[in-house]
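Let's take a walk through this fold, starting from one side chain and working outward. Keep the structure open beside you as you read.

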Amino acid sequence: MINRFAASLAVLVAFGALPALAQQPPKATAAAATPKADEDRYVGYYYPKPTAVENYASPMQTIAGAERAQRVQFATVVSQGTIQSAYRVPYSVFVKGEKADKMIIVGLQPGEMSTIYRARAILANMTTMSRLSPFFQERTIAEDANFFDLLKLLGFQQITISDGDKFTHQVNIK
């Protein structure tokens with residue numbers, strides 16, 4: 001069922017990605033301090049320090065069987081679908097974290113996602129595309145749920161969206 005949803009979303013969602021799943025941030029060197037448990041190890045590597053952080057309390061429960069492999073597969077299928085797009089999509093989507101529970105969206109072109117309003121517009125488009133999928137319709141009241149709820153169903157804990165330059169918005173999903 002997750003595979004069917006991911007394939008549907010990949011076809012419908014017009015956001016771009018480069019396969020970045022294999023990339024890891026550099027390990028701390030002797031000169032650099034090891035990040036503390038509550039620090040974001042991806043700051044300074046994939047995006048600048050978040051300019052805004054919010055918490056979203058989803059009414060959804062993570063579905064049984066939603067593990068790291070399913071989240072990686074979801075991001076891979078979405079990325080593959082956008083790479084095959086007829087036009088160059090201006091941002092990359094990938095997952096990180098030991099449990100692959102952090103979704104990251106980074107702009108690839110200057111100015112594309114440089115404000116909270118542009119970031120929210122992309123997330124709103126993702127909500128629209130999610131609502132069209134059978135997976136989302138079977139597990140939610142589609143007109144009431146949003147993209148953050150979909151991520152909660154799949155077991156994501158956080159989504160970070162950045163212009164890759166100065167702006168970063170982060171949402172913790174509870």
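A good place to begin is a single serine: the side chain of S58 makes a polar contact with the side chain of D149, at 2.7 Å. Bear in mind that this is a predicted model, here and in everything that follows. S58 sits in the loop between β1 (52-56) and α2 (68-83). Is S58 buried or exposed? Its relative accessibility is 13%, so S58 counts as buried, the cut-off for that being under 20%. If you skip the neighbours within four places in sequence, S58 is in contact with D149, K152 and K174.

Now step back from that loop to the sheet. What is the order of the strands? Five strands make an open sheet, running β1-β5-β4-β3-β2, and the pairing is mixed. At the edges you'll find β1 and β2 (91-96), each of which pairs on one side only. From one strand to the next, the twist averages 15 degrees.

As a bit of background, strands of a sheet pair through backbone hydrogen bonds, either parallel or antiparallel. Take the β2 side to begin with. β2 and β3 (residues 102-107) run antiparallel and are joined by six bridges; S92, for instance, has V106 in β3 as its bridge partner. Over on the other side, β1 and β5 run parallel, with five bridges between them. There, E54 has V171 of β5 as its bridge partner. β5 is also joined to β4 by five bridges, but that pair runs antiparallel, and S162 is partnered with T168 in β5. β4 and β5 form a hairpin with five residues between the strands, where G164 takes a positive phi near 75 degrees.

β5 deserves a closer look. In a regular strand the side chains alternate between the two faces of the sheet. You can follow that in β5: T168, Q170 and N172 point one way, while H169, V171 and I173 point the other way, and all are buried. With six of its six residues buried, β5 is largely enclosed by the rest of the structure.

Next, find the helix that lies across the sheet. Helix α3 (residues 116-131) lies across β1, β2, β3, β4 (158-162) and β5 (168-173), and it runs at about 130 degrees to β4. One residue to pick out on this helix is R120. Not counting residues up to four places away in sequence, R120 touches E54 and H169. H169 is 49 residues away from R120 along the chain, yet their C-alpha atoms are separated by 9.4 Å.

The contact with E54 brings us to charge pairs. Side chains of opposite charge can pair when their charged atoms come close. How many salt bridges does the model have? The count comes to two. In one of them, R120 pairs with E54, with the closest N and O atoms 3.9 Å apart. Because R120 lies in helix α3 and E54 in strand β1, this pair ties together parts that are 66 residues apart in sequence. R120 is partly exposed, with a relative accessible area of 45%. E54 is partly exposed too, with a relative accessible area of 26%. There is also a salt bridge between the side chains of K166 and D165, at 3.5 Å from N to O. K166 counts as exposed, at 62% relative accessibility.

Last come the rings. A pair of aromatic rings is described by the distance of the centres and the angle of the planes. The count of aromatic pairs is five. Among them is the pair of Y56 and F148, which is tilted, with 5.3 Å centre to centre and 55 degrees between the planes. Y56 belongs to strand β1 and F148 to helix α5 (residues 147-153), so the pair links parts of the chain 92 residues apart. Y56 and F148 are both buried. Elsewhere, look for Y42, Y45, Y46 and F94, which form one aromatic cluster.

Definitions and conventions. Residues are numbered from 1 along each chain as its sequence is written. This is a predicted model: local features need pLDDT of at least 70, side-chain atom pairs count only at pLDDT 80 or more; totals for chains, interfaces and linings use all residues. Side-chain values use heavy atoms; hydrogens and water are left out. Helices (H or I, at least four residues) and strands (E, at least two) are DSSP runs, numbered from the N terminus. Buried means under 20% relative accessible area, exposed over 50%, partly exposed in between (1.4 Å probe, protein chains only). A polar contact is a pair of N or O atoms within 3.5 Å; within protein, one must be able to donate a hydrogen and the other to accept it, and residues adjacent in sequence count only if both atoms are side-chain atoms. Contact means heavy atoms within 4.5 Å. Two strands pair if DSSP finds at least two bridges between them. Axes are lines fitted to C-alpha atoms, for helices over the stretch in contact, and angles run from 0 to 180 degrees between N-to-C directions. A salt bridge is a side-chain nitrogen of Lys or Arg within 4 Å of a carboxyl oxygen of Asp or Glu. Rings of Phe, Tyr and Trp (its six-membered ring) pair if their centres lie within 6.5 Å; planes under 30 degrees apart count as stacked, over 60 as edge-to-face and the rest as tilted.
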